[in-house]
Structure formats: structure tokens, C-alpha cells
There are 4 protein chains.
Amino acid sequence: MSTATMTATDRLIAFVESALFRNFILGLIVINAITLGLETFPVRQAWFLSILPIVDRVVVSVFVFELILKFIAYRMRFFKSGWNWFDLIVVGVSIMPDAGGFAVLRSLRILRVFRLFSVMPEMRKVIEALLRAIPGMGAIIAVLALMFYVSSVMAVKLFGGTNPELFGNLGESALSLFQVMTLEGWATEVQNPVRENHGWAWIFFLVFIVLTSFAVLNLFIAIIVDSLQAKHFDDEDARDEEAQEERAELMHEIRALRAEVSALHSELQRSSSGSSSDNMASKAADSSE
Amino acid sequence: MSTATMTATDRLIAFVESALFRNFILGLIVINAITLGLETFPVRQAWFLSILPIVDRVVVSVFVFELILKFIAYRMRFFKSGWNWFDLIVVGVSIMPDAGGFAVLRSLRILRVFRLFSVMPEMRKVIEALLRAIPGMGAIIAVLALMFYVSSVMAVKLFGGTNPELFGNLGESALSLFQVMTLEGWATEVQNPVRENHGWAWIFFLVFIVLTSFAVLNLFIAIIVDSLQAKHFDDEDARDEEAQEERAELMHEIRALRAEVSALHSELQRSSSGSSSDNMASKAADSSE
Amino acid sequence: MSTATMTATDRLIAFVESALFRNFILGLIVINAITLGLETFPVRQAWFLSILPIVDRVVVSVFVFELILKFIAYRMRFFKSGWNWFDLIVVGVSIMPDAGGFAVLRSLRILRVFRLFSVMPEMRKVIEALLRAIPGMGAIIAVLALMFYVSSVMAVKLFGGTNPELFGNLGESALSLFQVMTLEGWATEVQNPVRENHGWAWIFFLVFIVLTSFAVLNLFIAIIVDSLQAKHFDDEDARDEEAQEERAELMHEIRALRAEVSALHSELQRSSSGSSSDNMASKAADSSE
Amino acid sequence: MSTATMTATDRLIAFVESALFRNFILGLIVINAITLGLETFPVRQAWFLSILPIVDRVVVSVFVFELILKFIAYRMRFFKSGWNWFDLIVVGVSIMPDAGGFAVLRSLRILRVFRLFSVMPEMRKVIEALLRAIPGMGAIIAVLALMFYVSSVMAVKLFGGTNPELFGNLGESALSLFQVMTLEGWATEVQNPVRENHGWAWIFFLVFIVLTSFAVLNLFIAIIVDSLQAKHFDDEDARDEEAQEERAELMHEIRALRAEVSALHSELQRSSSGSSSDNMASKAADSSE
């Protein structure tokens, strides 16, 4: 590869990372967010209706062009950044509806607005902080998921026959139990219809609520403790470092003192015995420091 | 400006800041709070009904007079205090209804009672502490707002046609999603009507609840961590200072010791070689301290 | 007062504070708790029904007797303990129904069981810990109360005419807003009926929910921070003391060293100049330590 | 007992604790979890239906065999581990339905899947952490339980006559109050029907909600504070140890210095007085270190 192409790549990286380019993309996202929002209003004029798809197409084209530019600039390193994957998926999802045309897919175009997360450094930081909290929650989420699976299967077998609208199959059952976990209508909408057939059903719901609440609570505590630890450490480290420096200075001072006393000692020996050399004393001082 | 007018301004400031004046205003607010509360009771006697508007007018007049006094006292500095702005808006809103006479505007008169926040120093402190928590929440609130906007637009496009009473337009959709976020009737009142038309709608609500709950949780944690940090620092600082003072004392002691040893050293050299001066040794001690 | 009566009082105090007496009272409370619980079961035999009031009367008599004993033992100090006041009120409330006979007052007899809080030291500690949390919450509760009062008055004036079942008077309005604050049916049961008449009513409820949630959250945080502070301090103090002792030991060691060097110094001067006394050197060492 | 049998027991322990054996059991649990889940789907083919009970029987047999192996390996130590008790109960519950055949008991077979908790070390750790939080909550749970008992008895006596569907007996009353505590439909489903007969009933529910919320909140705070303390201590200990080591090093250095000065001192005395021994000086240095 010649020096000329290297420079071109560098110049491209500088361009896609420049504030101007980022702000241009940011502006496009905001404009698209507004036009997509306006689409939801029922009364619109003809000229406006004809402009909306054009804006949409321009925005998507620029996004695709941006991704291609970035890929040329970074080559394979492009795929190392999670945010590039995020952009790729969001833009990819945006192109699909243009091909198909289903209402559901078309509605996914609004997800493009989430590109604000990847474009604005402040939001990027928040999202990254939120994501960092997830690994610490892993084990408790696994326990919670197992609780859910077991409870769902049990609920289908116990109440599926008498209350099919709530616990007819595994999916329906899991959804009803999720509703119970959020405490939304758990008594009036879920427990009461079941209790009409199974008087003892309250035991199941009580145990489920107490256990899942306890697990969710511990999930929250895990995040709180992690956040506090992380912040606490940074501060403590700064303080500790200061104290450590002061202790190191003390140690230095004491060792210098010891060297001086040693020098004094040997000088005294020299003065009393007559013929020891000054060099030896200073060597001892150096070695002990 | 002569000394005489200066004294007048100073005296005015002393007056509006005096405990007597503040307690008088405080008393008026409490009286007005009671009369405004009494207005809500249906059965009242004629003499009482005729007194209420008079009390109201007197209170507003005193409030306006107080603000004018404060403005004369502080001049342009008046607008530097957020609490003066608060008073100005609250009193301003109180005068409007007297001009217009709409029921909605008349009901805003009760907002005057919030002047207790600005008049009582204890409440002022609480409100200021609450407001201090807001900047730390900024970024997460922005993320939450974006989530809401995207979800609202999506919900209108997906469910607006089939469930116009819940997701008919952007505002209605945002309100319904706020209800879902508070978990109030999310399953029975919002999800179930939608699921009648879109069987897969539970995915949308599940993802929305999990993501917003996680964001709100992190909002709370941010405030908790900030509060703990603020308090923790104050305490740690006091402790650290103490430890630091003790270390400084240690260092001082060691340096004094070193100086003494140096003096001893030079004295020894003098005694052995005969003619070095005492002044040099004491100089070395001073310089090393 | 003679020594004989003093001894009698002391003996009485020893008796009412003895484990035996406390356990006897504890046993009575538990028995009464069971009999009062049994009263709620519909089918009971005749002999059982005739025993219940007797147990009740015996328990109350013993409680009254216990309070009289305690009053004789402690005299005016009796009223200094909050727990004695608690017992006095609970037992007082228990006697009332025997006089009157109203169903509501009779049901208050079960409150006697709360005497477990005052009799069991473990529970006493928990309740005292809960009560200690209250002063720290005072200012925020005041702010919350003011918010409630203002919102209630406003809601009566705004919605009282159109929705009297929810906001007909100040009490009803405060209760409806408490329901909104707990998020129970705020949208479907409170907001929706109001919105039928006032389309903009969602602004009122949204602002109310956000503000009260934020205030309640800060109430919780205040308790958490207080609890953490209290625990944290105890631990830190122990650690700090240890570190401080070690630093004090260091300081002692260094001062002893300095004294020794001083002694050396003066000895050196004596040996070189011939006639200085050993006493002076040792005095200097003592004074510097 | 001969050496041969000892070796056999050891070999058996090594086998039941081997990764291979654990993974085999883990695999069986997962397969059983899937087959038990598949049982809930309505449409299944004949060959599949005939396989399910076979899988079930094989899994239970292996579990029973595993427990017997473990009992032979550990003897009485088997009952010292809580996890062995857990496995014993879960497997025991699984065998029952095969004997009886009731639908409710059959549904308990899915509880076997919870054996994942005992087999996977990661999950074991989470569960053990959750269990560790319980003792710290004991006293508050006792207070909460007493509150519930007293409130339930009171509610039966107050509202049992007029609202038997909610407060007809002690159990029903406790369940309704649990619903009120979770804030689910407390106003519309519980309070409103009661208020039709007892206008003042809101006082009861308001007090109950405030007190139980406060108690539950303190329960949560107790867990949070405990978790933070536990983590905080570990970190602090590491830091403290480091600081302590540094201080110990300082102390060592100073004592060595003091010994040297002492040696110097005695040497000086020897040189001035002529005849003191070197041994004494070095002894003083040793003793002071």
C-alpha cells in the first residue's frame, strides 16, 4: 500500500469523525424524527404528504452512504465497534419496509431515531453505563427466568383446564405471570377467576409474588451496590493515592535520616579509630536509601 | 447617590429580611390557605361568603406590595434569586383570575400557598435539595424521553387504526404509554384491547415495560448514588483532614530530627577537625525543615 | 422517706422488670391474641363462647394491675418512657368498649396485641429504629403534605362540579389523590371519568404523579442515606481508631528517637567541651516526648 | 474399617463430585425441563406421548440412584448439607404423583427443574446470597406479621358482616389486606365496596397502607444496607491492610534507626570513657527492634 492511499484513508477517518459530519447526521436524524412524528397526525395537506416519503428516502440514502464511508475508512475494524453494529441493524431495518411494505415493518422506521444514541456522545455514555449494569445481573436474571419457566408450566397444568384465557398454554401462562409480577390486577383479574375453580390458588400466587418480588428486589440491589462500588472506588483511589504518597515521602525521609546516622556512625568510628574512609560511609547511605 | 439614600435602601433590606416581616407574610399565607380551603365546603353562611373575597384581595395586595418593596430594596439583584422569580410568577398567576374570571384560572390562586416554600427557610432547603438532584438525572431523562417518543410514534402506527381510544394520535399514545409505565392497568386496560386485534402486541408492551423500568430504576439509582456521595464526601473529608494533619505532624517531627542529626554531624566534624562554625549547622537544620 | 419504703420500691421495680413477670405478661398477650382471633370464626361451641369474655376480662384486669404496679414503682418517671404511654393508651382503648359496647370500639381490643412491641425487647428495638427514621423525613413530609393540600383544593375547584364522586369535597379529593399517588387505578378509575369533562385533565394528573413520586422517592432516599450513614460511621470509627493508634505509636517512637539524638548531642558537646551535665540532656528528652 | 473400603468411599465421593457426573445430571434436568414443558402443548403425536412418561421415569430413577450414591459416599454427613435436603425433598415430591396420580401432585414434578439451583455452582451462589439476606430481615418480618394479624382480626370484626366476600373470615381478610399492601385495586376493589357501608373505612386503609409500606420499605433498606456493608467491608479490608503494611514498614524503619542511634550513643560513650563493650550496644538495638 502506498503512502498516498494511506493518507486518503486517514483523511476519510478524519472526515467521518469530524464534528461537522456528526452534526449533519444528527440534524438529519432530528428532521426525520419530526417527519415520522408528523406522519401520525391525521389531517395533512397534499404537498406535505408528497414531501414526507422524499425526506425519508433522502435520509435513508445518506445513512447508507455514511455506513459505506465508515466501512471504507475503518475496513474490518468497523465491525469491532458495537455502535457500528447498532447503526447497521437500525438502518437495515429501515430499508426492509421500502422493499416489503407491511405496516408493521414500516413502523420500525422510527427506530432510526435511536441512532441519536450512537451519534450523541452524552447519550452514548448513558447507554453504555446502562449496559455495564447487565453482566452483574446475569445470575439473578437466570434464577428469575427459571422461576418463571417452572411457575408457567405449573400454572398451565393446574389452572390451564379451568382458565384457558389466562393459563391456556405456556406463552399465555408466562404472560399472565408477568402481569402478576408487575402486581397489575393480580388479585382481581388473575387470582379471582382462578379461585372460583381452585380455592387454594391464592397459595400459588402469594408464593409467586413473594419470591419474584424478592428476586427482583435483589436484582435492583445488585445494580445499586455495583453503581455505588464503582463510584466509591474512584474516589477512594484518589484519596488512597494521596495518603500513600505522603507515607512514601515519610519513608523516604526516614531512610535518608538513617543513612545520615549511619554516616555519622562511621565518621565517629573513623574519628575514634583514626583511619576509615569517608567513601564507605556515603556508600552505606546510598545503598540503604 | 448620597449617604442618606444608601441608608434608606439598607434599612429597607433589613426590613424585608426581618423575622417580623417574614412571619407576617407567613401568617397571611396560612390564613389565605385556610380561606381558600374553606371555599371548597358547600355550606357556608352569607357573612362568611362576603368575607372570603376581601381576605383574598388583601392578601394579594400585600403580596404585590411586598414584591415592590423587595424590588426597591434589591433593584436588579432582585432578579438574581430564583425564589424571587418563583414569588413573582405565583403572585402574577394569582392576579390574572381577578381580571379574567375563568374557573380554571381562579383555581390557580391556591398556588399562592406554595409561597410557604420561599418564605420558610426549612422548606426552601428541602426544595433546593430536590432541585439539585435534577441535573444528575438529565441524560437518563433524555434517553427516557427519546424512548417515549419512538414508542409513541410506533404505537400510533401499529395500533392507532384498531384502538383509536388508546393510540389514536401521538398525545393519546404517549399518555397511554405513561399509564403502561406506571404499570396501572397495563395488562387489562391497555394490552388486552390491543391484543384482540394484534396477537403479538404483548412483545411491544413487554419490551416497553422492561426498558422503561430499567431506565427509571437507573434514574433512581443515579439520585441515590449522588445523595450518598455528597454526604459521604463531607464525612470522609473531615476524617481525611485529621489523618493528613497527623501525617504532617509526623513529617515535621522527622525533619526536625534529621536537622538535629545534621547538626550533630557537623558538630562532630568540627570537634574532630577543630574549626567549623555552629552557624552553618543550624542553617542546614533550617533549610531542611 | 425511710429506708424500708425505699427497699420496697426497689423490690417492686426489680419485680416488674424481672424476666418472669415479663414472660407472664407476654404469655397473656399471646393467649389473648389467640382468643381474639378465634372470635372471628363463625362456628363455635357454647362453652367456648362463654369462656372468651372471661379470658378477655382477666387479661385486661392483669394489664391494668401491671400498669398500677409500674406507676407505684416508678412514680413520675413512669411517664418519661414512651413505651409506658403506649401501654397506657392501648389498655385504655381496651377498657372503653366494655363500657360502651359499640362494634367499632370492641374491635379495637385487638390493638392490645401490639403490646408485644413493648414487652419483647427485640421488637422494641425494631420499632425504635423505625421511629428514629421519622425526624429525618419531617421536612419532606411537610412538603408532600403541602402539595397534597394545594392539589386537593385545586381538584375540588376544577373537577368537583363535574365529578363529585371523586372530587366533591376536600376530604374526598385528598383521598382520590392519595389513590392516584399509589398509582392504583389512577388512569382508568380517576383520570378517565374526569377527562370526559375536562380534556386537559391529564396535565394535572401527570404533574401530580411526577411531583409526588419524586418527593416520595426522595423521602425513601433520605431514609436509606440515613441508615447507611449510621452504620457506616460505626465501622469507619473503629477502623480510624486503629489507624490513629498506629500513627500515635509511630509519633511516640520518633519523639523517643529525637530525645535520644538530643541526649547524644549534649553528650557529644560534654565530651568535646568537657563539663556539661547528663541531667540537662535527659530533661530535654523528657520535655520533647 | 479396612483401607480397601476407605478407598472405595473416597473413590465414590470423587465420582459424585466429578464434573462429568454433575454435567450428566445437569443434562438430565434440562431434558426433563423440556419434556415437562412440551407436555403443556395441546397437539402432540402418539409416539411423542408414549416417550414422555419413559423419560420422566428414567430421570426420576437416576435422581433416586444419585441420592443413594451420595448417601453411601457421605453417610451421615449427607444430611449436613442444606442442598442435599433440598434435592431429597424435590425428588421426594416427584415420586409422590407416580403413586397417587392427582393432577395437583403431578404438576409438582416440574419442581425438579429447581435442582438446577443445587447442581450449577453459579446458581447455588445466588440462592445462598438470597438466603443470607433473610436473617437480617427477621425482626421486621415479625413486626409486619403482627401488623397483618391485628389488622386482619380488626377487619373481620369491622367489615366482616357487611362485606363477607372480602373480610368474611380471618384467611379471606388476610388475603384482602395482602392485596391492599400490594396496592392492587386497593381503592376500587377493596375500599370502595367497604365504604358503601362504613364511610370512615378510608382511615383504616390509609393507616394500613402507610404503616405496611413503611415497614416493607425498611425491610428493603435493611437488605440494601446489609449488602452494601458486606461488599464495602471486603474492599476496605484490602485497602486497610495495605495502609497497615506501609505503616508497619515505617515503624520497622524507625525502630532500626533508633537502634542505630543507640549503638552510636554507646559507641560515643565508649570512645569518651574508653572501656564499654560493643556487645551491650548491639543488645540494646536488638531489644528495641
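What follows is a conversation between a bench biochemist and a modeller about a predicted model.

Colleague: Let's start with chain A. What makes up its secondary structure?

Modeller: Chain A comes to 12 helices and zero strands. From the N terminus on, its elements run α-α-α-α-α-α-α-α-α-α-α-α. Of its 289 residues, 47% count as buried. Among contacts between residues at least 6 apart in sequence, 61% join residues at least 24 apart.

Colleague: Why is Ser151(A) called buried?

Modeller: Its relative accessibility is 11%, and buried means under 20%, so Ser151(A) counts as buried. This serine is found in helix H7 of chain A, residues 121-159.

Colleague: How do you know that the side chain of Ser151(A) makes a polar contact with Met147(A)?

Modeller: A polar atom of that side chain lies 2.6 Å from the backbone oxygen of Met147(A). The cut-off for such a pair is 3.5 Å, so the 2.6 Å of this pair is within it.

Colleague: Which residues does Ser151(A) touch, not counting those up to four places away in sequence?

Modeller: Ser151(A) touches Leu177(A), Phe204(A) and Phe208(A).

Colleague: Now to chain C. Is Asn163(C) buried or exposed, and how do you know?

Modeller: Asn163(C) has a relative accessible area of 3%. The limit for buried is under 20%, so Asn163(C) is buried. You will find Asn163(C) in the loop between helix H7 (121-159) and helix H8 (164-167) of chain C.

Colleague: What does the side chain of Asn163(C) reach?

Modeller: It reaches the backbone oxygen of Pro193(C) at 3.2 Å. With a cut-off of 3.5 Å, that distance is within the limit for a polar contact. Leaving aside neighbours within four places in sequence, Asn163(C) is in contact with Gly168(C), Pro193(C), Val194(C) and Asn197(C).

Colleague: And what makes Leu175(A) buried?

Modeller: Its relative accessibility is 11%, and the cut-off is under 20%, so Leu175(A) counts as buried. Leu175(A) lies in helix H9 of chain A, residues 170-181. Its contacts, leaving aside neighbours within four places in sequence, are with Gln191(B), Arg195(B), Trp202(B) and Leu206(B).

Colleague: How far is Leu175(A) from Arg11(A)?

Modeller: The two are 164 residues apart in sequence and 53 Å apart in space, C-alpha to C-alpha.

Colleague: On to the helix pairs. What describes two packed helices?

Modeller: Two packed helices are described by the angle between their axes and the distance between the axes. In chain A, helix H2 (residues 19-38) and helix H3 (residues 46-74) pack at an angle of about 145°, with their axes 10 Å apart. H2(A) passes H3(A) in a left-handed crossing. Among the residues making the contact are Phe21(A), Phe24(A) and Leu28(A) of H2(A), and Phe48(A), Leu52(A) and Phe63(A) of H3(A). By class, the contact of H2(A) with H3(A) has 15 nonpolar, two polar and two charged residues.

Colleague: At what angle do H7(A) and H2(D) pack?

Modeller: H7(A) and helix H2 (residues 19-38) of chain D pack at about 35°, with their axes 10 Å apart. The crossing of H7(A) and H2(D) is left-handed. Tyr149(A), Val153(A) and Lys157(A) in H7(A) meet Ala33(D), Ile34(D), Leu36(D) and Gly37(D) in H2(D).

Colleague: How do the residues of the contact of H7(A) with H2(D) divide by class?

Modeller: They divide into five nonpolar, one polar and one charged. Gly counts as polar and Lys as charged, so Gly37(D) is polar and Lys157(A) is charged.

Colleague: What can you say about H2(C) and H7(D)?

Modeller: Their axes come within 10 Å and cross at roughly 35°. That crossing is left-handed. Ala33(C), Ile34(C), Leu36(C) and Gly37(C) meet Tyr149(D), Val153(D) and Lys157(D). The residues of this contact divide into five nonpolar, one polar and one charged.

Colleague: Finally, why is the relation of chain C to chain D called that of a four-fold axis?

Modeller: A rotation of 90° with 0.2 Å of shift along its axis superposes chain C on chain D, with an RMSD of 0.4 Å. That is the relation of a four-fold axis. For chain A on chain D, a rotation of 90° with 0.2 Å of shift gives an RMSD of 0.3 Å. Of the residues of chain A, Glu184(A) comes closest to the rotation axis, at 4.5 Å (C-alpha).

Methods
Residues numbered from 1 in each chain as written. Chains lettered and ligands numbered in written order. Predicted model: local features only at pLDDT ≥ 70, side-chain atom pairs only at ≥ 80, totals over all residues. Heavy atoms only, no water. Helix = DSSP H or I, 4+ residues; strand = E, 2+ residues; numbered from the N terminus. Buried < 20%, exposed > 50% of the residue type's maximum accessible area, 1.4 Å probe, protein only. Polar contact = N/O pair within 3.5 Å; in protein donor to acceptor, adjacent residues only side chain to side chain. Contact = heavy atoms within 4.5 Å. Least-squares fit on C-alpha atoms with pLDDT ≥ 70 in both. Axes fitted to C-alpha atoms, helices over the stretch in contact; angles between N-to-C directions. Left-handed = near helix turned anticlockwise from the far one by under 90°.
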